[in-house]
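Reader: I would like to talk through how the labels on this model were reached. Could you take me from each value to its label?

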Amino acid sequence: MRVVLAEDLALLREGLVSMLEAHGFEIAAAVDNGPSLIKALLDHRPDVAVVDVRLPPSFTDEGLQAVLEARRQVPGLPVLVLSQYVEQLYARELLADGTGGIGYLLKDRVFDAAQFIDSVRRVAAGGTAMDPEVISRLVARTTREEPLARLTPRELEVLELMAQGRSNAAIAQQLVVTERAISKHTANIFDKLGLAVSDDDNRRVLAVLAYLNR
Amino acid sequence: MVGEMTREDRRTWLDTRARAPWHGFRLWLLSFPTMIVVTWMNTAVSLISIGVGIPMIPSAAKLQRRMTNVYRDRIGAWTGRPIERPYLPHTKGSFATMTRAQRCFMRAVSDPATWRDYSFLMCEPIVAIFTCALPFLLIVYGVWGWMLSLWAGAVLGDIGAQDWYAMIPISQDYTQQPERVVGTAVLGTLFIAVGFLIGPAMLDYHARWARWLLGPTEKAKLALRVQHLTETRHDAVDVSAAELRRIERDLHDGAQARLVAMGMSLGAIEHLLDKDPEKARLLLAETRASSAKALAELRDLVRGIHPPVLADRGVGDAVKALALDHPLPVEVTVELPGRPEAPVESAVYFAICEMLTNAAKHSGARRVWVELTHNDGTLRATVTDDGQGGASLEAGTGLRGVERRIGTFDGVLALSSPPGGPTIVTLEVPCDLRTTSHP
């Protein structure tokens with residue numbers, strides 16, 4: 001699987017390169033600024049890109065802008081955005097086109113290599129990987145309102161994990177219950193929120209995110 | 001010209017002309033207390049040489065100020081252009097070696113505004129007759145003309161009085177001469193019409209005269225400006241010092257303490273690695289959790305100092321991001337063609353932050369609207385909520401702090417919060433926008 005990597009801190013960039021290579025990824029390009037990132041994305045058309053939000057030369061949200069521009073030209077280009085901070089505003093912008101293949105994680109998540117690699121693979125497959133912090137803030141804002149207030153605490157927990165982009169199997173493993181219990185929960189959630197049930201994991205996640213992002 | 005006016009215009013045109021003579025007359029009525037004040041000041045001044053005047057001057061000057069302030073306020077209200085107060089602020093330390101009485105005396109006599117007030121009050125009773133009071137007097141004279149032609153002329157004639165109305169003689173045979181009676185009425189009408197027509201202009205001439213003596217001179221304006229700058233600079237230094245202390249404390253109690261604990265844990269792990277690998281693994285997991293917490297704390301700290309979206313995108317998007325995290329539905333409208341200077345941007349952002357917090361905490365609002373616009377070199381932010389209102393600057397809502405913070409940039413804050421709502425907070429900061437993004 002070919003990866004384009006954008007990170008301006010050399011130490012972190014090398015760390016990411018060796019981690020990704022160790023897990024069988026092929027690094028198509030590793031860049032350290034916005035303009036060369038967008039060029040690399042369009043030239044290499046990687047299976048997935050891992051991008052830091054803040055990049056030179058402006059040291060603002062250059063990485064995010066480059067990613068959004070590249071996805072305008074190549075719709076659905078899978079991108080995992082890393083940042084020192086997660087902002088709902090940026091999460092919304094990334095999810096706005098509704099095509100999936102989006103990840104948005106805190107840089108800290110790199111500490112847990114297994115989970116991080118899992119997120120990269122999920123995004124590459126067209127899924128989503130949203131940082132728990134984004135999701136918990138989204139949910140916290142919406143839970144006061146109907147119909148989210150009618151969800152049981154367990155269902156809320158499942159909803160958060162689902163919104164992060166996890167599959168039923170992964171959620172079951174995390175909550176230490178059977179997969180069947182989780183599908184029962186998800187069916188209840190979709191019923192209570194009035195969303196159309198879908199068997200496709202990615203479409204399901206996008207529906208939940210769209211619901212929370214209203 | 002009158003023909004081209006709309007109905008609304010005509011009404012205001014008539015309205016100002018109807019009111020001006022009355023306002024002018026009321027200003028002239030102030031001459032009576034004015035004369036008393038001037039007499040008091042005259043006495044005080046003439047007694048300076050024998051020493052008795054020295055304790056009298058400060059009180060007389062104070063009385064003068066109260067009198068001229070009445071003029072300033074009335075003229076400001078009636079002409080729509082307020083006259084600023086010109087008085088110099090008391091600077092600490094000046095005349096410090098004197099006694100209290102001497103200091104008060106020196107302050108009063110060394111402020112040029114005292115003598116300008118004095119000159120104004122001395123001349124005002126005369127000047128007013130020929131300016132603002134003139135229209136009213138003309139109207140009264142006109143009415144007298146009507147009264148003469150209707151019945152008063154006959155009465156005067158009967159008692160054998162000899163009088164004149166303008167150039168028309170009022171004598172015994174007045175009623176037998178129709179051209180005199182009609183002439184009086186026509187002249188009277190003319191006087192009334194002229195009185196109403198010149199009313200606003202005369203009020204304006206009088207206001208110009210008053211502004212010339214009662215308004216601040218260039219020097220006084222500078223002194224007042226210096227005072228304002230000194231105050232706001234003081235506030236700014238206070239605010240940033242407090243901010244630095246808070247950051248220092250947060251770092252000391254938070255991230256720094258965690259790093260120390262992590263260092264100690266790592267030492268323990270090193271020690272345990274061979275003896276008890278299982279325990280070492282446990283400690284390692286704890287240390288990793290601790291490092292994540294330290295990062296989270298640093299993140300929150302940085303967010304409090306300078307939020308990332310503010311740095312990346314400017315105040316418009318930063319407020320939008322703020323709205324997304326707010327517990328209430330917040331509608332944000334931004335019309336900014338560029339970005340203000342970073343310090344202004346930051347001050348406005350944190351001001352809006354404070355207002356949104358207030359809206360959520362105190363107002364009981366269900367919706368909030370934020371508007372950001374830039375017109376004529378002024379950045380304007382308006383935060384409106386549909387809560388119960390009744391907010392005040394004094395009630396510890398943090399609005400005073402906001403006012404001080406934006407005061408550093410000559411910004412002002414206005415609060416409208418009638419009981420029952422809605423609450424509208426508006427802040428205006430003069431600034432230019434730059435179209436390029438920040439480095």
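**From values to labels**

Author: Gladly. A:R45 sits in the loop of chain A that runs between α2 (34–44) and β3. Please keep in mind that this is a predicted model.

Reader: Why is A:R45 called partly exposed?

Author: A residue is buried with 20 or more other C-beta atoms within 10 Å and exposed with 12 or fewer. A:R45 has 14 C-beta neighbours inside 10 Å, so it counts as partly exposed.

Reader: What makes the backbone of A:R45 worth a remark?

Author: A:R45 has a positive phi of about 45° although it is not a glycine. Most residues other than glycine have a negative phi.

Reader: A:V176 also has a positive phi. Where does A:V176 lie, and why is it called exposed?

Author: The phi of A:V176 is about 55°, and this residue is not a glycine either. A:V176 belongs to the loop between α8 (168–175) and α9 (179–193) of chain A. The limit for exposed is 12 or fewer C-beta atoms within 10 Å. A:V176 has 6 other C-beta atoms in that range, so it is exposed.

Reader: How do you know that the bond between A:P56 and A:P57 is cis?

Author: Its omega is about 0°, and the peptide bond joining A:P56 and A:P57 is cis. A:P57 is in the loop between β3 and α3 of chain A.

Reader: What makes β4(A) a mostly covered strand?

Author: Five of the five residues of β4 (residues 79–83) in chain A are buried. A:V79, A:V81 and A:S83 point one way, A:L80 and A:L82 point the other way, and all are buried. In a regular strand the side chains alternate between the two faces of the sheet.

Reader: How do you know that β4(A) pairs with β3(A) and with β5(A)?

Author: Two strands pair if there are at least two bridges between them. Four bridges link β3 (residues 48–52) of chain A to β4(A) in the parallel sense, and A:V50 has A:L80 as its bridge partner. With β5 (residues 102–106) of chain A, β4(A) shares five bridges, and these strands also run parallel. There, A:V79 is opposite A:I102.

Reader: Which helices complete the β-α-β units around β4(A)?

Author: Helix α3 (residues 62–73) of chain A forms a right-handed unit with β3(A) and β4(A). Helix α4(A) does so with β4(A) and β5(A).

Reader: Why is the largest nonpolar core said to lie between two domains?

Author: This core has 59 residues, and A:V50, A:L80, A:V81 and A:Y104 touch the most other members. Domain 1 (2–130) and domain 2 (134–212) of chain A both contribute residues to it, so the core lies between them. Leaving out residues up to four places away in sequence, A:V50 touches A:V3, A:L5, A:L16, A:L80, A:L82 and A:V120. Another core, of 40 residues, lies apart from it and includes B:W28, B:I57, B:A61 and B:L148.

Reader: Where is A:G100, and why is it called partly exposed?

Author: A:G100 is in the loop between α4 and β5 of chain A. Being buried takes 20 or more other C-beta atoms within 10 Å. A:G100 has 19, so it is partly exposed. Its contacts beyond four places in sequence include A:G76, A:N202 and A:L206.

Reader: What makes B:H374 partly exposed?

Author: B:H374, in strand β4 (residues 368–375) of chain B, has 19 other C-beta atoms within 10 Å, so it is partly exposed. B:H374 touches B:L336, B:P337, B:L379 and B:L433, not counting residues up to four places away in sequence.

Reader: How do you know that β4(B) pairs with β5(B)?

Author: The pairing of β4(B) and β5 (residues 378–385) of chain B rests on eight bridges and is antiparallel. B:T373 stands opposite B:R380. Two residues lie between the strands of this hairpin, and B:D376 takes a positive phi near 45°. β5(B) also pairs with β7 (residues 423–430) of chain B, in the antiparallel sense over eight bridges.

Reader: How many residues does each chain give to the contact between them?

Author: Chain A gives 12 residues and chain B gives 18 residues. On the side of chain A that touches chain B, three residues are nonpolar, four polar and five charged.

Conventions
Residues numbered from 1 in each chain as written. Chains lettered and ligands numbered in written order. Predicted model: local features only at pLDDT ≥ 70, side-chain atom pairs only at ≥ 80, totals over all residues. Contact = placed C-beta atoms within 7 Å. Nonpolar A, V, L, I, M, F, W, Y, C, P; charged D, E, K, R; others polar. Right-handed = clockwise from strand over helix to strand, strands pointing away. Core = buried A, V, L, I, M, F, W, Y, C linked by C-beta atoms within 7 Å. Domains from an automatic or database assignment.
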